[in-house]
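Subject: Structure handover and notes on pockets and aromatic rings

Hello,

Please find the structure below, with the sequence beside it. My notes on what was found follow after it, and I suggest reading them with the structure open.

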Amino acid sequence: MIPLFYFALSQTVFGTSEPVTSAGGLDGTRLRAIGYIAEGLRAVGSEPVALSPGEVYEAIQRGVIDGFGGWPFDLTNASGFPEVAPNFFLPGVGQYTSSAVSIRKESWNELPEDIQAIFLETSADYMDYAITQLNTTETAACNALKTAGGSLTIWDESQVDALRTAMGTSAMDRWTEATIATGLSEGQATTFVGDYLGAYERALASSSYVDALATCASSAD
C-alpha cells in the first residue's frame, strides 16, 4: 500500500455518565474500549467492553456501560455522546487513532508519473487543509458538549502519572510482540519506534496547531 494522505483527528477523550477525575475513579467502571487502551484500563480496575461504534450510545443510555474509554474528541458530537456521557476528560493517553487514504502499490505503479505527481501534490494540499479544519470541528464538538450541559476536564498531572504507572509498558510490550510476529526483529521494532517518536517531536516543534481541547476545558459554561 502507498499512503496518500492522513486525516487529522483530535486527541483521545474519555466520557462517562458520572464524573471521573482520577485514575482511582476508573476502578469498577465498564467502558467501551478496544485495543491497547482496553489493556490499560484493566490495569486500573476498569472493565473494557468491545462494542461497535454504532452500539455505544444506546449501551450508555441503557446503563449497560458507564461510558467510553477513548474517542477522538472531534467525532464525539456526531456520535451523540454529550447527551449520554457528558463528563468528558483527558487522562493523558494522547493520540490513539489515525486514518489514512492509501492506494494499492500495484495500481500506483501503473499510473503515469505525471498523474502520480498530481496525487502527491493534492494529498499534501489536503493535509494542510485538514489541520486548519480540525480546530473548526473541535470547536463544534466543544459547543455541543457545553450545550448538553457537559464539561471537559484535563486531568491533573499527578493523576496522569498514576495512570501511566498503573498501565506500565503493557501496551508497548503487546505492540512489540505483534510486530515481531510479522517477521521483524525486536531491534527493527525498537528502531522504528525511535524514528517515529523523533519525527513526531520534530513535527510538534514546528506545528502551528492550537489546542482547542485546552481552550474548551478552560472556557466558562
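What volume does the second largest pocket have? The answer is about 170 Å³, and please keep in mind throughout that this is a predicted model.

The second largest pocket is lined by T12, R32, A33, I34, P53, G69, G70, W71, P72, Y96 and T97. Strand β5, which covers residues 67–72, gives the largest share of this lining, namely four residues. Sorted by class, the lining consists of six nonpolar, four polar and one charged residues.

The largest pocket holds about 2,400 Å³ of space. Its lining is made up of 43 residues, and those that lie nearest the centre of the pocket are G94, Q95, Y96, Y196 and Y200. Several elements contribute to it, since β1 (2–7), α1 (35–42), α6 (113–147), α7 (157–167), α8 (170–181) and α9 (186–206) each supply at least two residues of the lining. The largest share comes from α9, with eight residues. By class, the lining of the largest pocket has 28 nonpolar, twelve polar and three charged residues. If you follow Y96 on your screen, you will find that Y96 is among the residues nearest the centre of the largest pocket, and that Y96 also belongs to the lining of the second largest pocket.

Now to the aromatic rings. A pair of such rings is described by how far apart the centres are and by the angle between the planes. The count comes to 14 aromatic pairs in this model. One of them is formed by F7 and Y126, whose rings meet edge-to-face, with 6.0 Å from centre to centre and 80° between the planes. Because F7 lies in strand β1 and Y126 in helix α6, this pair ties together parts that are 119 residues apart in sequence. F7 counts as partly exposed because its relative accessibility is 34%, and Y126 likewise counts as partly exposed, at 27% relative accessibility.

A further pair, F68 and F81, is stacked, with 4.6 Å from centre to centre and 25° between the planes. This pair links distant parts of the chain, with F68 in strand β5 and F81 in helix α4 (residues 81–84), 13 residues apart. Are these two residues, F68 and F81, buried or exposed? Both F68 and F81 are buried. They also belong to one aromatic cluster, which is formed by F68, W71, F73, F81 and F88; W71, in turn, is one of the residues that line the second largest pocket.

With best wishes

How values were computed
Residues are numbered from 1 along each chain as its sequence is written. This is a predicted model: local features need pLDDT of at least 70, side-chain atom pairs count only at pLDDT 80 or more; totals for chains, interfaces and linings use all residues. Side-chain values use heavy atoms; hydrogens and water are left out. On a 1 Å grid over the protein atoms alone, a cavity is a set of points where a 1.4 Å probe fits but cannot get out, and a pocket is an open set with protein on both sides within 12 Å along at least five of seven lines; lining residues have an atom within 4 Å of a point. Grid points are joined across faces, edges and corners, and a volume is the space filled by probe spheres set on the points. Ala, Val, Leu, Ile, Met, Phe, Trp, Tyr, Cys and Pro count as nonpolar, Asp, Glu, Lys and Arg as charged, and the others, Gly among them, as polar. Rings of Phe, Tyr and Trp (its six-membered ring) pair if their centres lie within 6.5 Å; planes under 30 degrees apart count as stacked, over 60 as edge-to-face and the rest as tilted. Buried means under 20% relative accessible area, exposed over 50%, partly exposed in between (1.4 Å probe, protein chains only).
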